[in-house]
Amino acid sequence: MFRHTIAPLSAFLQARFLTSAAKPRDFPPEAGPELAFAGRSNVGKSSAINALAGRKRLAFFSKTPGRTQTINFYDLGDRARLADLPGYGYASAPQTLRASWEALIGGYLTGRRCLGAVVLLMDARHPLTANDRHFLEWLRPVQAKRLVLLSKSDKLTRVERAKTLTSTRAALDEAAMTSNVMLFSSKSDEGVEDARGLLEQWLRK
């Protein structure tokens, strides 16, 4: 007799908005592992979240860089959460505003015990900017897995994509910031299934 096995529904496909937090005291109570998504302003973070969730407007994005000033939390079914961190590195933002962003993000990274993994998006055309490296330094003491998604990979040729992937991995290894690194495009869907699969695997552990 053959038995049919039903694969569990992807946590990402169950994603729904939970709440926004402008200060650490506004964070929702910890419940299950969380995946934090980070990246500089307009790197394609919201588009990546939407692609992974198979939705068009789950995570909203603004055409004005640096506008989002909160951490947006999403439930991933009943067993995990996703935290969308505000974009960093918007140079023309007032110093007081940049300081408040750093306090918010720093408070999350250092104080969130349920943080299981950090997904860092970098523009495949300009990876490892000074702001990216600064954020990675924040992550050094954080006990969480790391996945770097080289976004907008569709804007590179096949040769350029391979070269960027290799050089980014080497640079991270040399800086003792070893991470999983993947090419990613929300337009061509490159890396979407692989990234979703890896993150789902991490959530199950």
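The exercises below concern a predicted model of one chain.

**Exercise 1. Fold outline**

Determine how many helices and strands the chain has, and in which order they run.

Solution. Step 1: the chain holds five helices and seven strands. Step 2: read from the N terminus, the order is β-β-α-β-β-α-β-α-β-α-β-α. Step 3: for contacts between residues at least 6 apart in sequence, 75% join residues at least 24 apart.

**Exercise 2. Surface and burial**

State what share of the residues is buried and what share of the accessible surface belongs to carbon and sulfur atoms.

Solution. Step 1: of the 205 residues in the chain, 47% are buried. Step 2: the accessible surface is about 11,100 Å², and carbon and sulfur atoms account for 52% of that area.

**Exercise 3. The surroundings of Arg 81**

Locate Arg 81, classify it as buried or exposed, and find its polar partners.

Solution. Step 1: Arg 81 is part of strand 4, which spans residues 80–84. Step 2: its relative accessible area is 11%; the limit for buried is under 20%, so Arg 81 is buried. Step 3: the side chain of Arg 81 reaches the backbone oxygen of Pro 29 at 2.6 Å. Step 4: a polar contact of 3.1 Å links the Arg 81 side chain with that of Asp 75. Step 5: beyond four places in sequence, the residues that Arg 81 touches include Leu 18, Pro 28, Glu 30, Tyr 74 and Arg 112.

**Exercise 4. The end of strand 7**

Place Leu 183 in its strand, decide whether Leu 183 is buried or exposed, and list its contacts beyond four places in sequence.

Solution. Step 1: strand 7 covers residues 180–183 and contains Leu 183. Step 2: Leu 183 has 13% relative accessibility and therefore counts as buried. Step 3: the C-alpha atoms of Leu 183 and Ser 151 are 6.5 Å apart, although 32 residues separate the two in sequence. Step 4: outside its neighbours within four places, Leu 183 contacts Leu 150, Ser 153, Arg 161, Leu 165, Glu 190 and Gly 191.

**Exercise 5. An aromatic pair**

Classify the ring pair of Phe 27 and Tyr 108, and explain which parts of the chain the pair ties together.

Solution. Step 1: the whole structure has six aromatic pairs. Step 2: the ring centres of Phe 27 and Tyr 108 are 5.7 Å apart and the planes meet at 80 degrees, so the pair is edge-to-face. Step 3: Phe 27 sits in the loop between strand 1 (15–21) and strand 2 (34–39), and Tyr 108 in helix 2 (residues 95–111), so the pair ties together parts 81 residues apart in sequence. Step 4: Phe 27 and Tyr 108 are both buried. Step 5: with Phe 73, Phe 27 and Tyr 108 form one aromatic cluster.

Key
Residues numbered from 1 in each chain as written. Predicted model: local features only at pLDDT ≥ 70, side-chain atom pairs only at ≥ 80, totals over all residues. Heavy atoms only, no water. Helix = DSSP H or I, 4+ residues; strand = E, 2+ residues; numbered from the N terminus. Buried < 20%, exposed > 50% of the residue type's maximum accessible area, 1.4 Å probe, protein only. Polar contact = N/O pair within 3.5 Å; in protein donor to acceptor, adjacent residues only side chain to side chain. Contact = heavy atoms within 4.5 Å. Areas by Shrake-Rupley, 256 points an atom, 1.4 Å probe, with all protein chains shown as cover. Phe/Tyr/Trp six-rings, centres within 6.5 Å; stacked < 30°, edge-to-face > 60°.
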